Amino acid sequence: MRRKSKFEKLGIDPELLNLAEWPIVDTTGWDEADCDKYQARKTAVEMYLRDSATVREISEATGIDKKEISRYVDRCFLVDVNNQILGFRALNPGLHVKIYERNDLPKANAANFAGAFDLLLLTFPELRKLIHDKALGTGNGASKATHSVKYILKQFDTKCKELGIKPNQYPRNTADKGRRSLERYVKDLKERHFGNEHVFGEIAAMMAKTVGRGEKNYATNFRPFSKVIFDAHKIDLMLTIRYTDPNGNVVKKVLKRIWLLAIIDAPTNSVLGHLLCVKPEYSQMDVLQCIQNAIHPHEPMKFTIKGLQYPSEGSFPSISIPETQWAVWREFWMDNAKANLAKNVVDKLTKTVGCFVNAGPVASPLRRGLIERFFRTLEVNGYHLLPSTTGSNPNDPKRKKAELKALQQEINIEHLEELTEAMLAQYNCEPHSGNSGLSPLKAMRDKIEGGFLPRILPEYRRKELGLLIVSQTVTVQGNLEKGRRPYINYEGAQYRNDVLSQSAGLIRQKLTIYINLMDIRFLRAFLPNGNELGTLRVVGKWSKAPHSLETRKLINNFIRSEKRDFFLKSDDYVHALSEYLASSKNKGDKNRLVHEIRYQQSQALVEQEKFSEEYTDENEEVVDTEYCVDEVIAERDPINTIIFEHTVIVQVNNNETLEDGWEDFFKPISF
């Protein structure tokens, strides 16, 4: 009790007196002398703290001097660099628990320099700041780069002269000017600040900040569709595009930016949906399309490349597992890309799909490590085996003459779509280590058969899903005194219909409009009381050809730039855009041209389907399936026929099979 009262007066926490909680020492590899010395010290400390004997009795039992016993006890209550009590570790023979502190700097011809460098930095804080700024990149200048020890030594020596340190004073009186001490200090400094992005790079800094400390702060997901992960990846590949320029010449160019957008079910690693994007950067419309592809039941593709086919085990969940058709998820994980965080995307996910959105911390791809690994698997086992691959890095020998190979092989976007479809189906059917050796499809099927059913979108809401339809409130414009009939403005164009044109009382009233982002020629308008006003059509040069909101904004930017005259002299803004992109020397414009060509093709197919449905309803007979897409576009006007002529050249004839050898580019995907 006497010694416990002493510890209480010294302010020592009673919990620290519990020797069972102290860190211990493993003496297995020590020699016998050190083991005996350590054991004697440990016994002395235990007897002292348990108050089981007097100091004299402890000294006689352990052979340790009485003064040394108190010193060992005090050492045990010191803390290490991690603020943890040293405990029995403080009794290790030869352990220094106190840093050597020097009182004076070495003079000329000195033989002992221990502690001199630390004292120098303490005496001259300017030197410490110089070393930290140059070694860690923490200076106030424009450059945040770190520097080598050789460069820092030159700056260090110059600073010593500026501070008035003479040649016969430390460190200038040493043979190496303090180089070895500086090297040791910089090495220790970088080890203590390894999370600094300027020391080992941004990736190492990100890893240091997000991995290896704390606990996993999110629950493990087991139920299918409880959490999905979305991301976009730029494929390491070059493609070929053929198109007709304004002079009628058939031109062959190379595309260098192709994006793959994908959504993966986290509990089973199954790929739910994907989208290939050939624009320089993907947009919110592409994200919404990918989400829509993941929710809608997947439609099997008809392969034209010989040797490509779906695995016998299945392909995609909505095809192989009927219970997953129209399934929706609970959580949607993504990164902080601008397109992902667009208001339309977040609103559709939260209000239409009915899920939580988790964008996670900025620059933390490890939170989505599953999909990052998925993209790497596709690259290594698929895209990198194609002749026109650009490899994994600038020094990869695979990228040698990639552009020339792309022109020779003429691998186009249609080929890439088929290859991607086959690879994703194969991915879903092969064993995955994340599923304990089960394939993603097998893992999902087992869980669903075990009773873990996903949430299904009600049938009455499927037609109203409309992920690519957004709403907006606008004001009706018009002027009775000047004879201007009522209309609305949207993205730099006027919209009206017969009802609105004759409703002068609606001027300056608010309307709610619904916009299909994929074709904004038509808007659906509703009055403030909720009654439908009808479909409004754009007027003027915007009405000629289908175009998306993204295309409208792009053309408006051109009209506000030095390209204004080129677009204004055309009768069709969309046609003018295709002509401009075809004649442009900008590499990114070629990607945009391919996107516009593919868009016109898809819109033509949509109009073909609508025409078939209307024709069937009116004539009560099935429309010939050979009805051509070019007839649909030809019905618009001659200008749009020119646009379609650009697309005919890049289409693949489904009645032909390509040359053998495509399957040689691939090997079984192993996870």
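## Buried, but with an odd phi

A residue counts as buried when its relative accessible area is under 20%, with a 1.4 Å probe and protein chains only. Phe 225 comes in at 4%, so Phe 225 is buried. Keep in mind that this is a predicted model. Phe 225 sits in the loop that runs between α10 (202–210) and β1 (227–234), and its phi is positive, at about 70°, even though the residue is not a glycine.

Trp 326 is another one to check in a Ramachandran plot: not a glycine either, yet with a positive phi of about 65°. You'll find Trp 326 in the loop between α12 (317–320) and β6 (327–328). Is Trp 326 buried or exposed? Its relative accessibility is 14%, so Trp 326 goes down as buried.

## A cis peptide bond

Most residues other than glycine have a negative phi, and most peptide bonds are trans. With that in mind, take a look at the bond from Tyr 170 to Pro 171: it is cis, with omega near 5°. Pro 171 belongs to the loop between α7 (149–162) and α8 (179–192).

## The seven-stranded sheet

What is the strand order in the open sheet of seven strands? Reading across, it goes β10-β14-β15-β16-β13-β12-β11, with antiparallel pairing. The edges are β10 (469–475) and β11 (477–479), each of which pairs on one side only. On average, neighbouring strands in this sheet are turned by 35° against each other, ignoring direction.

At the β11 edge, two bridges connect β11 with β12 (residues 484–490), and the two strands run antiparallel. Across that pairing, Gln 477 stands opposite Tyr 487 in β12.

## His 274 and its neighbours

His 274 is part of strand β5 (residues 270–277). Its relative accessibility is 12%, which means that His 274 counts as buried.

Which residues does His 274 touch, leaving out those up to four places away in sequence? The list has Leu 260, Leu 261, Ala 262, Cys 290, Asn 293, His 298, Phe 316, Thr 420, Glu 421 and Leu 424. If you're picking a protonation state for His 274, those are the contacts to have on screen.

## A nonpolar patch on the surface

Over on the surface, Leu 78, Leu 95 and Val 97 make up a nonpolar patch, and together they have about 200 Å² of accessible area. Leu 95 is located in the loop between α4 (66–76) and α5 (116–123). At 33% relative accessibility, Leu 95 counts as partly exposed, because that class covers values between under 20% for buried and over 50% for exposed.

Definitions and conventions
Residues numbered from 1 in each chain as written. Predicted model: local features only at pLDDT ≥ 70, side-chain atom pairs only at ≥ 80, totals over all residues. Heavy atoms only, no water. Pairing = 2+ DSSP bridges. Helix = DSSP H or I, 4+ residues; strand = E, 2+ residues; numbered from the N terminus. Axes fitted to C-alpha atoms, helices over the stretch in contact; angles between N-to-C directions. Patch = residues over 30% accessible without salt bridge, like charges linked within 9 Å, V, L, I, M, F, W, Y side chains within 5 Å. Areas by Shrake-Rupley, 256 points an atom, 1.4 Å probe, with all protein chains shown as cover. Salt bridge = Lys/Arg side-chain N within 4 Å of Asp/Glu carboxyl O. Contact = heavy atoms within 4.5 Å.
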